[in-house]
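Colleague: I've got this model open and I'd like to know where the descriptions come from. Can you take me through the reasoning?

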Amino acid sequence: MTDPSYRHQILVFTTPLIGNYGVPSNEAPTDGYDVGMMLESKGIQCAGVVVADVADRYSHYQAVESIGDWCKRSGIPGISDVDTRAITTLLRDQGTTLGRLAVGHDALGPPPSPADYWDPSLDNLVAEVSTTEPYTLNPSGDVNIAVLDFGAKANILRSLVRRGARVTVYPWDFDFNSVRDEYDGLFLTNGPGDPKHAKEAISNVRKTLEEWDRPVFGICMGHQIIGLAAGLDAYRMTFGNRGHNQPVLALASSGSILAGRVYVTSQNHQYALTLTDPFPEGWEPFFINCNDSSVEGIKSTAESGKKVWGVQFHPESAGGPLDTIEMFTDFIQTCRDDKVARKGSGSGLGSAFADIGIFAAAGALFGE
Ligand SMILES: NC(=O)CC[C@H](N)C(=O)O
């Protein structure tokens, strides 16, 4: 509910009982990074919630209020005691659709005309959720990472900072090219809506990809922006991919140590990059979704001399499986090795991201 990529969406929960753990406080971050402790952003981002059975009585040692009180305090409507199985069946047949919440007379009266609905996908939602001012987290970090904020989930920022990075977050339309030489790497975040609306970001990132050879990593919207900047197209999916159990295959052709294995991932997206053959020069597909064969990742080819990766899924997955969390470790380590190599004190460091072995330290997967 607090993932900014869900901005303006009504969420229908398929789990029948919602709210029994209550809602935790996001205040007083004890991790010191000032992105909040628990939630994925400062508050509820979705437009409404639909649940079968809402728990008014909650029980969890970290809970401070019920989901009902939280929604009320946030001005977000919720509806319960509806048959979410029937709604899910409908959505699974016709795909994601425009909708409204109505009770009493409103629900019984004549349905609104299509013109009464606002389609959020027609607007640039990124501009609504991005930071308006740059800010820096962990100023003493040893590797300098710039983040373009399309609606960042807090756990992306936590995942960068926890690995020792100094992180400066810029508004979505900031031209990173004006400061790029100060940075060891660029990160592009997730974000809501149709990626094609973020035109300024696409053209800025295109320039970066053409002229800069330091590491770039993008997640979800960030991956779509990299793809559009690289010359791929994007389309609106009928169903989108959501939930915490989306299987993705690392393609054998990617030449990566990950190749040929399937990872379970957390996802929330409605748009996807179009799979073309051939891919634009200098690029190759990295991951493919095992359920619907959609593009789940792209990377720069070894021959291109670049170190750029985009993944449609969420390696930072809060909550969700941690199969791919080490992509953050490898991104930061690649930036660090690259920095050392640039300073001339490295010897053969800066090996390609995908070859370091995302899963080399299997134990670390469980240490996160
Ligand atoms: N989580 C995301 O970044 C979503 C990306 C984009 N808004 C989509 O729906 O495809």
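Modeller: Start with the contacts: among those between residues at least 6 apart in sequence, 74% join residues at least 24 apart. Two residues are in contact if their C-beta atoms, placed from the backbone, lie within 7 Å. Keep in mind that this is a predicted model, where local features need pLDDT of at least 70, side-chain atom pairs count only at pLDDT 80 or more, and totals for chains, interfaces and linings use all residues. Residues are numbered from 1 along each chain as its sequence is written.

Colleague: What makes the chain as compact as a globular protein of that length?

Modeller: The chain has 10 helices and 17 strands (DSSP runs, H or I of at least four residues for helices, E of at least two for strands, numbered from the N terminus). Its radius of gyration is 21 Å, close to the 21 Å that the globule rule gives for 368 residues, so the label fits. The radius is taken over C-alpha atoms, and the rule is 2.2 Å times the number of residues to the power 0.38.

Colleague: What makes a residue count as buried here?

Modeller: It needs 20 or more other C-beta atoms within 10 Å of its own; 12 or fewer is exposed, in between is partly exposed, with C-beta atoms placed from the backbone. By that test, 42% of the 368 residues are buried.

Colleague: Which domains does the assignment give?

Modeller: Domain 1 (4-118) and domain 2 (126-365), with bounds from an automatic or database domain assignment. Their C-alpha centres lie 29 Å apart. The contact takes 14 residues from domain 1 and 22 from domain 2.
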